[in-house]
Amino acid sequence: MTVRTYHIYDRLWHWARPLLEKRLKRLAESRHPGYAEGIAERFGVVTWPETLARPVWVHAVSVGETRAAQPLIAAIRRLYPTLPVLLTHMTPTGRETGANAWSSDPLVRQAWAPYDHTAWVAAFVAATRPRALLLMETELWPNWLRVAQEQALPVALVNARISERSFRRYRRWQRWLPLAWEALTLIAAQTADDAERFRELGAKHVVVTGNLKFDQTPNPELVALGKSWQRHLGNRAALVWASTRDGEEKLLLDAWERLLETFPPQWRAPLLVIVPRHPERCDAVGALLTQRRYQWARRSETLPNPGLDVWLGDSLGEMTAYYTMARAALIGGSWKPFGGQNPLEAIAAGCPPVVGPHVFHFAELVTTGRRSRAIVQCPDPEAGLRYALRLLHSAELHAEHVAQGALFLAAHRGATERTMATVAPLLTPSAAERDSAADGVTPFTLPRTTHPPAPNRTPPAAPPRP
């Protein structure tokens, strides 16, 4: 952008500040009380302890990015045991996800990320003095990059992805609000297609490191919780509708009711476990279930029991437990044009995922997963529910999908190691820190790093269909 364009952009943010403050308070009332916490941080006013000097700043906007960041932060904490981490978010659910993972680690601190006004971003950077900024996935803001460039702050876009739809949108806006791609020290892309799109937009230093979400492992406590829920159901199966978005529950319930009419009266339906993507939508989903005369209860009110038609998952951070409990999952965000949600957590928990037609945010992942029979894609909700019921009632089919899912994950792991090898130069001590180390003060431990081989792109062979 030209200086004049930046000035206009900043003025728009400045004029919007009262509206932003009011919006945060409204969101706190209607969606999540966390929106009203630490509002000043969003405008660059942050307190950072001197004892945690020169942190690495990891920005994960919401829940998905925070989960993807977990193996990366774990690797940083393991390899650099005295290096502080500043973890920022834009949503309360993202912040809660980070707190659940890192609240017990004194060297990992959280804050709200600043909105994209030059003065707010500069104040935030001046207060925290990060040594490097690691942006998760596709969180790119003009003034973040501009301030980083002016202050010689290295910036890496890690686990980077850009769908074809987002690529077209960036190209369309590039004339009016171009990003300073030269401010990015490197981009660690998930796939070769992502890397090529970034290069076409003007990025220079792009490498393919794979998807960090393949390296996530199920939390043992959540697995145990899911198994305990399973025991409460006895021999009744559970089918989870995971991360559903606005309007998808109605679509799925319509299809479900049509299917129920085709089964004999004595047939016992599985327990439906509906987990909306945004917990604040649970009231609306509950009202829909009451209107349709389902016997239902909330996770926060009762344990699952065989007498329910629907168990409504209104908790946060327990998705692994829901997947462990169920024998199959319909993944939300894909039955209406929202772009889909990540199915890897379901696969890791041994719960075969069924996705709908709208998966443009995860197109390559779904394509490779389908080839491996780790992911099932169906054209509409009724077809998805029919396949899910097959998974519930065929032990052989279920076992095949679980086994193929495990092979699929194993074939694509290693992104954390590749990403760490790529960003390691950004985490090395500065000259001043090396001088401190020479005086007997070690800023943090610098490990030896090796460059692992490129990611395995060959999916495991699928067995013949039964």
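**Pro178**

I looked up Pro178 and found this residue in the loop between α6 (164-173) and β6 (186-189); helices (H or I, at least four residues) and strands (E, at least two) are DSSP runs, numbered from the N terminus. The model is predicted, so local features need pLDDT of at least 70 and side-chain atom pairs count only at pLDDT 80 or more, while totals for chains, interfaces and linings use all residues. Residues are numbered from 1 along each chain as its sequence is written, and side-chain values use heavy atoms, with hydrogens and water left out.

Pro178 has a relative accessible area of 21%, so I enter this residue as partly exposed. The cut-offs are under 20% relative accessible area for buried, over 50% for exposed, and partly exposed in between (1.4 Å probe, protein chains only). I also took the C-alpha separation of Pro178 and Tyr35, which is 30 Å, with the two positions 143 residues apart along the chain.

**Positive phi outside glycine**

I noted Arg54, in the loop between α1 and β1, with phi near 55°, a positive value in a residue other than glycine. Ala152 is another entry, with phi near 55°. I find Ala152 in the loop between α5 (142-150) and β5, and at 65% relative accessibility Ala152 counts as exposed.

**Glu41**

Glu41 is placed in the loop between α1 (3-30) and β1 (56-59). Is Glu41 buried or exposed? At 18% relative accessibility, Glu41 counts as buried. Not counting residues up to four places away in sequence, I list Val46, Arg95, Ala111, Trp112, Ala113, Pro114 and Phe124 as touching Glu41; contact means heavy atoms within 4.5 Å.

**Asn159**

I turned to Asn159, which lies in strand β5 (residues 155-160). Asn159 is buried, at a relative accessible area of 0%. Which side chain makes a polar contact with the side chain of Asn159? That of Glu137 does, at 3.3 Å. A polar contact is a pair of N or O atoms within 3.5 Å; within protein, one must be able to donate a hydrogen and the other to accept it, and residues adjacent in sequence count only if both atoms are side-chain atoms. A polar atom of the Asn159 side chain also lies 2.6 Å from the backbone nitrogen of Leu212. Leaving out residues up to four places away in sequence, Asn159 touches Ala68, Met136, Glu137, Ala188, Gln190, Gly210, Asn211 and Leu212.

**Helix α9**

Helix α9 (residues 248-260) has 13 residues and reaches 18 Å from its first C-alpha to its last, close to the 18 Å expected at 1.5 Å a residue. The expected span is 1.5 Å times one less than the number of residues. I list Glu248, Glu249, Leu252, Leu253, Ala255, Trp256 and Leu259 as the buried residues of α9. Seen down the axis of α9, these fall within an arc of 165°, so they line one face of the helix; the arc is that of the directions from the helix axis to the C-beta atoms. The cover over the buried residues of α9 includes β8 (238-244), β9 (271-276), α10 (282-291), β12 (328-331) and α14.

**Helix α15**

The 18 residues of helix α15 (residues 395-412) should span 26 Å at 1.5 Å a residue, and the end C-alpha atoms are 26 Å apart, which agrees. I entered as buried Leu397, His398, Glu400, His401, Gln404, Gly405, Phe408, Leu409, Ala411 and His412. The buried residues of α15 fall within an arc of 165° seen down the axis, so they line one face of the helix. On the other side of α15, Ala395 and Glu396 are exposed. Among the elements covering the buried residues of α15 are α13 (363-371), α14 (381-393) and α16 (415-423). Just after α15, Gly414 takes a positive phi of about 115°.

**Cavities and a pocket**

On a 1 Å grid over the protein atoms alone, a cavity is a set of points where a 1.4 Å probe fits but cannot get out, and a pocket is an open set with protein on both sides within 12 Å along at least five of seven lines; lining residues have an atom within 4 Å of a point. Grid points are joined across faces, edges and corners, and a volume is the space filled by probe spheres set on the points.

I count two cavities of 30 Å³ or more. The largest cavity has a volume of about 40 Å³. Which helix gives the largest share of its lining? α15 does, with four residues. The lining includes Ala346, Cys351, His401 and Gly405.

The second largest pocket has a volume of about 680 Å³. Of the 27 residues lining this pocket, Gln70, Thr217, Asn219, Leu222 and Thr320 are the closest to its centre.
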